[in-house]
Structures are given as C-alpha cells and as structure tokens.
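Q: I am new to this structure and would like a close look at its pockets and its cavity. Please describe what lines them, and then the residues and contacts that belong to the picture.

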Amino acid sequence: MSAKAIRQRKERLSFTVKLLVGLLIVFPLFYGLCLSFLGLDEIFSNPPVLFSKNMSLENYVYVFGRVPMLTYFKNTLIVCAIEVIAQIVTSSFAAYAFSFFEFKGRKFLFAVVTASLMIPYESTLICNYLTICNLRLTDTYAGLTLPFLASGMSIFLMRQFYMTLPRELKEASVIDGCSDMGFLVRIAFPLSLSATCSLALYRFIDAYNQYFWPLLVTNRDQMRTLQIGTGILKDSEAANYGIVLAAAMVVIVPAVLFFIIGQKWLVKGMIAGAVKG
C-alpha cells in the first residue's frame, strides 16, 4: 500500500472518529429538542420516539404564556451587552498599560491581577452582595453587572495579545506624532480584533449562563434573567418534562448559535497570545 493511500485511510478514520464523537455530544441536545414538541404521554412511550404526527408548539406556547420569557430574554441581553462592552474597554486599557508602559511595580501589579484568577468566585459572593445591598442597587441592571465589569482573565487575555505586537510599531507611531490613546484606538485595538471577539464571546457565554448572582440581587419578575425564569418554571412544572424541555431549549439554542457563529474567533483569540509573553 502506497504512502498516499495510508494517509488517506488515516484521514478517513480520523474524520469518522470525529464525526461519531460529535454526534455523541450533539445527540442529547437533539433528543431534548425533539421531545420538547411532544406531549407527556409520547415522551414516556415505549419504545421511545423522536418524531410523531402529534408534534406541536403547545409546550412553547405554554412556556411563553406561563412566564414573561421575552422580558427575561431582554434583561439577559442587556446584562450581557453591558458586561461584554465594559470588559472589552477595561481589559483593553489595563492590558495596554501592562504591555507598553514602563512604571514602578508593573510586574507586581500584573502578578496581583493574575493571582486574582485563583480566587474562587464563591468566596467574594457575600461581600459583593452586601455591597450591592448597601448601595441599594438590587433589582437594577447596575446590581446585576457591577461585580463583572472587569476581570483578571480578560486583562490577561488582552495583555498576552498586546505583547505580540512589535515594539517598533509603537515607536514608529510616536515618531509620527501619535499619542498613546491614538495608538491604542487606531492601531492596537483594530489589530486585536480576533482577541477582542474571543473575549466578547467568552464573556457573553459566561454572563448568559449566570444563575446564582441574578437570583440573589433580583426580586421582581421585571428584572429577572432568562436562567432564573427557566428555573422558576422548572420548579413549578417539574412533572411535565415537555414544558421543562421547551423552556430549556429556549435558553440553550441562542447560546449554542452564538457559539457556533463565533467559534472561529474564539480559537483565534485563545492562540493569539501564545507566541510571546
């Protein structure tokens, strides 16, 4: 057997294995999506069925009629937008300072930022909650987003990318009369598009999936997020799996679609800072 034939066989085998693993991962989501269109009797039918003549949108109609899902979805998108934009801005400025400025204590401060990644989120939860309560920001978008406007992970990601930019580029911009802010806005930030998109996708998924914090700081339905609304519906309709699955699909599908669209940028951003730093 020739080397070319062996290589083609390996490629086909690799593709087959990847396809099987992918189908294994996607099947639970597909199965849940199919069951969300079925009634309770058909869900528990033996043998199990994926498709039926009686498939309908009844479960989804009930979900949107039982709880204000559109309000929850609006709140979730607002929270995600605030957190994503804020983290892009704060991390870009901080990372630029750590990458291009020389000042006393720079390495120590960056070590503190990276050390913050090892602090469990749960250990700061009570402190953050008491702060939000003292500021009387419960049931507000500020209360939902204030603890997440900056993070060590975002600063580290952007700093690693900025470290790959040639120093000569910064020196040339200074010679041409470009200020630090001008270099960041006109040169560094546009060149960091892949890292920025990766950060935006990462922060969007993280904000979209938040459950415990919105549960703590919201008391009114008008300010609850999608995850909280789904949890409330699950508790009230625990015995009706069709309704629970329909609510789960409403929550899962947008995040999955957003990830599929942005996965190329996510991979590029994650490897962008792997060359230098």
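A: The account below goes through the pockets, the cavity, one covered helix and the salt bridges in turn.

The model is predicted. Its largest pocket has a volume of about 640 Å³. The lining is made of 23 residues, and those nearest the centre of the pocket are Tyr121, Pro147, Phe148, Ala150 and Ser151. Three helices, α8, α11 and α12, each give at least two residues to this lining. The largest share comes from α11, with three residues. By class, the lining of the largest pocket holds 14 nonpolar residues, seven polar ones and two charged ones.

One of the helices that contribute to the largest pocket, α8, can be looked at by itself. Helix α8 runs over residues 152–162 and is mostly covered, with nine of its 11 residues buried. The buried residues of α8 begin with Gly152, Ser154, Ile155 and Leu157, and continue with Met158, Arg159, Gln160, Phe161 and Tyr162. Burial here means a relative accessible area under 20%.

The second largest pocket contains about 170 Å³ of space. Its lining consists of Val26, Leu29, Phe30, Leu33, Met249, Val253, Val256 and Leu257. Helices α1 and α14 (241–272) are the elements that give two or more residues to this lining. The eight lining residues of the second largest pocket are nonpolar, with no polar and no charged residues among them.

Phe30 links this second pocket to a feature of the surface. Phe30 is in helix α1, which covers residues 3–35, and Phe30 is one of the lining residues of the second largest pocket. Phe30 also takes part in a nonpolar surface patch of about 800 Å², together with Leu13, Val17, Val21, Ile25, Val26, Phe27 and Phe51. Val26 is likewise found both in the patch and in the lining of the second largest pocket. The relative accessible area of Phe30 is 37%, so Phe30 counts as partly exposed. A patch takes in residues with over 30% relative accessible area, and therefore Phe30, at 37%, is above that cut-off.

Besides the pockets, the structure holds one cavity of 30 Å³ or more. About 50 Å³ of space lies in the largest cavity. Thr76, Val79, Ala207, Tyr208, Gln210, Pro214, Thr225 and Gln227 line the largest cavity. At least two of these residues come from α4 (69–100), and at least two from α11 (193–208). Helix α11 thus appears in two linings, as α11 also supplies residues to the largest pocket. The lining of the largest cavity splits into four nonpolar and four polar residues, with no charged residue.

Ala207, one of the residues lining the largest cavity, can be set against a position elsewhere in the chain. Ile43 and Ala207 are 164 residues apart in sequence, and their C-alpha atoms are 32 Å apart in space. Ile43 is in helix α2, residues 40–43. With a relative accessibility of 13%, Ile43 counts as buried.

The last topic is the salt bridges. The whole structure has four of them, and three are described here. In one, the side chains of Asp139 and Arg220 meet with a distance of 4.0 Å from N to O. Asp139 is in the loop between α6 (125–134) and α7 (141–145), and Arg220 is in the loop between α12 (212–217) and α13 (226–236), so this pair ties together parts that are 81 residues apart in sequence. Asp139 is buried, at 13% relative accessibility, whereas Arg220 is partly exposed, at 39%.

Another salt bridge joins Asp221 and Arg224, whose closest N and O atoms are 3.1 Å apart. Asp221 is partly exposed, with a relative accessible area of 36%, while Arg224 is buried at 13% relative accessibility.

A further salt bridge is formed by Glu102 and Arg106, with 3.7 Å between the closest N and O atoms. Glu102 is exposed, at 65% relative accessibility. Its partner Arg106 has a relative accessible area of 18% and is buried.

Notes:
Residues are numbered from 1 along each chain as its sequence is written. This is a predicted model: local features need pLDDT of at least 70, side-chain atom pairs count only at pLDDT 80 or more; totals for chains, interfaces and linings use all residues. Side-chain values use heavy atoms; hydrogens and water are left out. Patches are made of residues with over 30% relative accessible area and no salt bridge: like charges are joined within 9 Å, nonpolar side chains (Val, Leu, Ile, Met, Phe, Trp, Tyr) within 5 Å. Accessible areas come from the Shrake-Rupley method with a 1.4 Å probe; for residues, only the protein chains shown count as cover. Helices (H or I, at least four residues) and strands (E, at least two) are DSSP runs, numbered from the N terminus. Buried means under 20% relative accessible area, exposed over 50%, partly exposed in between (1.4 Å probe, protein chains only). On a 1 Å grid over the protein atoms alone, a cavity is a set of points where a 1.4 Å probe fits but cannot get out, and a pocket is an open set with protein on both sides within 12 Å along at least five of seven lines; lining residues have an atom within 4 Å of a point. Grid points are joined across faces, edges and corners, and a volume is the space filled by probe spheres set on the points. Ala, Val, Leu, Ile, Met, Phe, Trp, Tyr, Cys and Pro count as nonpolar, Asp, Glu, Lys and Arg as charged, and the others, Gly among them, as polar.
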